[in-house]
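Here is a short tour for someone meeting this structure for the first time. Have a look at the sequence and the model, then read on.

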Amino acid sequence: MTMISEKTGGIALLQGNESIARGALEAGVTFCAGYPGNPSSEIIETLAKAAKDLPIYVEWSVNEKVAFEAATAASYAGCRALASMKQNGVNVISDFLLNMTMSGTNGGLVLITCDDPAGISSTNEEDARLFARMGGIPLLEPATAQEAIEMTKWAFELSEAIKNVVILRSVSRLSHTRSSVQTGLITLSDAQPFFDTSKPYHTFPVVAKHEARNQKLDQAREIFETSHFNTYEGPEAPELLVISSGCPWNYAAEAVELMELGEKVGLLKIGTTWPLPVRLLEKYLKISDKIMFLEEVEPFLEDNVKSLAAQLGHRVGVKTYYGKMSGAVPSCGELTPGLVMKIFSDIFHLPGNTGTYKDEIDTMIADKLPVREFGFCPGCPHRASFYAIKTALAWDDRNGFVSGDIGCYTMGIWPTGFNQVKSVHAMGSGSGLACGYGKLERFGFDQPVITVCGDSTFFHAGIPGLVNAKFNGADIFLIILDNSATAMTGFQPHPGTGITAMGDVTEPVLIENICRSIGADVEVTDPYELKETAERIYRLMKKTGPRVLILRRKCALVQGREGGFPFNMHVDPNKCIGEDCGCGRYCTRIFRCPGLIWNSITGKSEIDRVICAGCGICVDICPQNAIIREGKVE
Amino acid sequence: MIVQTSQGQTRLINEVINNGLCVRCGACAGFCPYFDYIDGKIIPLAPCCSDTARCFQICPLAEHGEKNESDESGIGDYRKIFAARSTDPEIVSRAQYGGVVSTLMIYALEKGEIKAAVLTSRGNGSSPAGFLAESRGDILSCSGSEYTGSGGLSALNRALKAGKDMLGIVGLPCQMEAVRRMSMVEFSGENLSAPISLKIALFCTWALDHRAFDDFLVKNMDGGKIIKYDIPPPPSEKLVVQTLKRKMEYPLSDIRPFIQQGCLLCEDMTGETADLSVGTLEGSKSWNTLIVRTQRGEDLLAGAVKQGLLEVAEFPDENFNHLMEASENKRNRGRKRRIEKNK
Amino acid sequence: MSKADNMPLNLIITGVGGQGNVLASQIIGKAVVKKGFRVTIGETFGLSQRGGAVMSHVRISKNKNCGPLVPPNMANIVIGLEPLETLRVLAEYGNRDALFLVNSRPIYPLNVIAGEVEYPDADWIKDTLLKSVKKLYWMDGTAKAIELGGPIMLNMIMLGALCTIKNFPITVDDLKGAIKNIFPDSKLKANYMAINVGSGIISVESKS
């Protein structure tokens, strides 16, 4: 029995994501689905662990669209259901989302989106809250882990009150922050799933359904007017009113305390961000002439409140606004305590109190600190794959390039992947782009394009591109990097791994079978065989028609957990010629595995025993055969 | 992302390869991980940071600033010149003309004068490439002329890296020049060309760009494996290409656009720095022209003749005059173009 | 250690992905909660685990839940699992009252290994820290970890040292109690040893 599935409440140290999971369990959630994506992955992982002790169902779906559709089905059948994803997942579900709000729900349905301000682990920086407005969906934003538990739990009630989906939005700084929380009781649902055939879920007539959806929103608004999730702290007539939603409230509260602005600044924390509780806002808009907005990432709350203020007109009066639109708050990136303190300093004309120490240190350090670039782990098969791809493209010499996709192998855009990948955007978009490149030959395009896609990515969104290529005759060469894991997000299972989120063994869906039945030429090989892989790629590049090369080799970290690699590595200093012509410290300078380091005193390369995983493939890159691979003795 | 260096890879890439002058002799490939030879092209694989890199030092098209005016004329320094042909029917059946090169190399190997031979093989029906032959069968498999740049010296480099010595090498005049330059370069305390025991040069007027020529053949041939190329002596003006099923003839004017630009700067038709040089004998399909230049070459020939492996005959005067003229013409054309280029 | 009774104790653990930074912060958090304190731990990970820097902000308070990030220049204690990453946080989070416990063993970034940039000199890193903070404990934690079984023991050694700091709210025994349900029994002994080794460091190393 884990802490999460403990039925009785108590004090616990929970991550934001764990708190969301706990809140859902306390609400008696029955059906949970999602797709891995930082910073959301721990929600489903936590629920999957709880599924060992509680009668709930949890799955990793093939993509977010299916996850949300599956959860919605559970809701239609009267179960409380949850779908969890990162911001990009909401993009993926958007067509279904914007339709299903028109036809309503039954059992409480909560959509959790975890956004990643500053794109710390994302390809973009995006604010999924805007979907709430576009879809007419109530939106809740917890600022703390405690609120996350309570809001998630309450979200199911709200959803059932208005009979529509509710969005709960978290950000990385909340999802991955651990704090002491008070948990409540877990209730188990005894609802028997049942689909009432007299109440179908369709969206016609469209306009009437749209109006009905808006009425539900009004209903939610009325409930929000008295919600205890919206709080005010501060003087009755502050000089500055800070209206915040989500995590930045913490920074504002601490800044007020540290800068002793308690008499001057009022903090209105909005937890029910959409629809706006208009009467509540009118009340507080009146108490100050200076209004500041703190939120991430877009000026969502800001725009909506200003629009409301304009509508209220003289009832609230003319205001001076400090926000993203005025330039007081940065329009991109995440907020920090330091940034908020600086904004307060500017508004109140206070001297910056920490500037001098920072300036002093910055001057001392100047630019002496090398950036720490991201890289593939030692033993990563992607390093081998990109090395083979780079070699083959060079041999081919037609200015070919790689079209990329989402996963650990996205790092192919950086030196760790030899800068091979020239575009990355969304799940499966690599194969879509390939369909474009693959039809440009008639206009004189003669550069070969290699599309790389991971195993999980292929299942998620790569298949339609391949079908299209076959159907429309696009010349696609797809290399699927199959490391048998959804690695970047934490090794979650996917249809090819043969095991589910809840740990059940299942028959794996074989990628090569899918590709063959689509009609592609399929080959499978081990990327650790560097030369052979490069030769195969080179050969396949000369062919036409849809070709799939599956480079199959387990993720090094997964291999590490399953006993590791079989080799002890070392460099023979008598054979290593270091920087001399004939080598030019090729292993450290070009191959760039962190297990290989340079000793500038001896002028030779060495294996870093602490880092080296023992995969042994670097043996094949040394021009002097100075890297020695020995089998480990048991 | 090419790092600027003074005498190394950057200059080779800028002044020779990207300048269109590379003749694919292969001298820069096969020794280090920065250059590869594949399918008719020298490929830089990664930026090298070595300041003084041997690749630039030995490239036959690289100009290091010294004056290239040689005193040579005609067919260069030589001791004797013969018409020659093999007496071995197996060799003759595989040979382009007289089978002299194969005979001499097989003899040198079997006699123990060399331990292996760097030759050019036709590859597995794809493109020609350097090959290290270590048996009679190996050598025979490389019989027959190629007309494209084929990176043969990359096999020499691989052999040198593997520590092999007592190597024989058959190559074009550009490859002989690369080997001569190697003899002036020391690396890790060793003269780079020291392990080479025997050099046989092939006459050459020009060579074709393999990839361009291959595209042409793909469009114009039947796709079958090519078993022989031939350019019959003037005034024929054609290239003959033979597969198992067909024999096609193409006017040389269709083929000349594929001549490697670097070849047009070459002044050496007969491989003037080799031990022996071998080429066609105009007017004959079964004899070769054989030029003997060094003591080593002379000794080897004498041995082969004594064993009855080769038949030699007096070299006809008319052929000699033609050979001198052709050789001088190439020298003058090349010199003129080189001077033009350097203006 | 804290300026006033209601101010949080701000601890930052910084290092490179794979060093067990996040686990270390969770263990501290668990021990602190057991002792009746409130704690907020802000973790930065994800892509950064692939060779990038990882930072945990551990904010310990008697009576309130703080925000997830330490405000500018308000770290009380910094545990540096790697010297370059330690120096990287100095300007933004350090101050003249801060205490730094730093493992001196570098993990070279890939661009350093490739010869494109130089890793700063170890003495210069140490000197810069010495000049800028109140106390610096500089130790080759990795060497000790390897003696104990492997570099992954580093984080427990550093936590052991942390718990011997005067006025730090948890003791070595609290720490040992906290890891009981985190590591399997087979690994507990090794981790206790690591904590013991760590707890002996500060008394042995003279404060610089």
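## A small sheet in chain B

Let's start with B:Lys228, whose bridge partner in β11(B) is B:Gln242. The two strands involved, β10(B) and β11 (residues 238-243) of chain B, pair in the antiparallel sense over 4 bridges. To count as a pair, two strands need at least two bridges found by DSSP. Strands themselves are DSSP runs (E, at least two residues), while helices are runs of H or I with at least four, and both are numbered from the N terminus.

Zoom out a little and you get an open, antiparallel sheet of 3 strands in chain B, ordered β10-β11-β12. β10 (226-230) and β12 (247-251) of chain B sit at the edges with a single partner strand each, so one side of each has no neighbour in the sheet. On average, neighbouring strands here are turned by 20 degrees against each other, ignoring direction (axes are lines fitted to C-alpha atoms, and angles between N-to-C directions run from 0 to 180 degrees).

## Where chains A and C meet

Chain A brings 50 residues to its contact with chain C, which brings 48 residues; residues are in contact if their C-beta atoms, placed from the backbone, lie within 7 Å. On the chain A side, α13(A) gives the most, with 6 residues.

Strands pair across the chains too: β8(A) and β2 (residues 38-44) of chain C are antiparallel over 3 bridges. There, A:Ser179 has C:Thr40 as its bridge partner in β2(C).

## About the model

This is a predicted model: local features need pLDDT of at least 70, side-chain atom pairs count only at pLDDT 80 or more, and totals for chains, interfaces and linings use all residues. Residues are numbered from 1 along each chain as its sequence is written, with chains lettered from A and ligands numbered from 1 in the order in which they are written.

Technical notes:
Contact = placed C-beta atoms within 7 Å.
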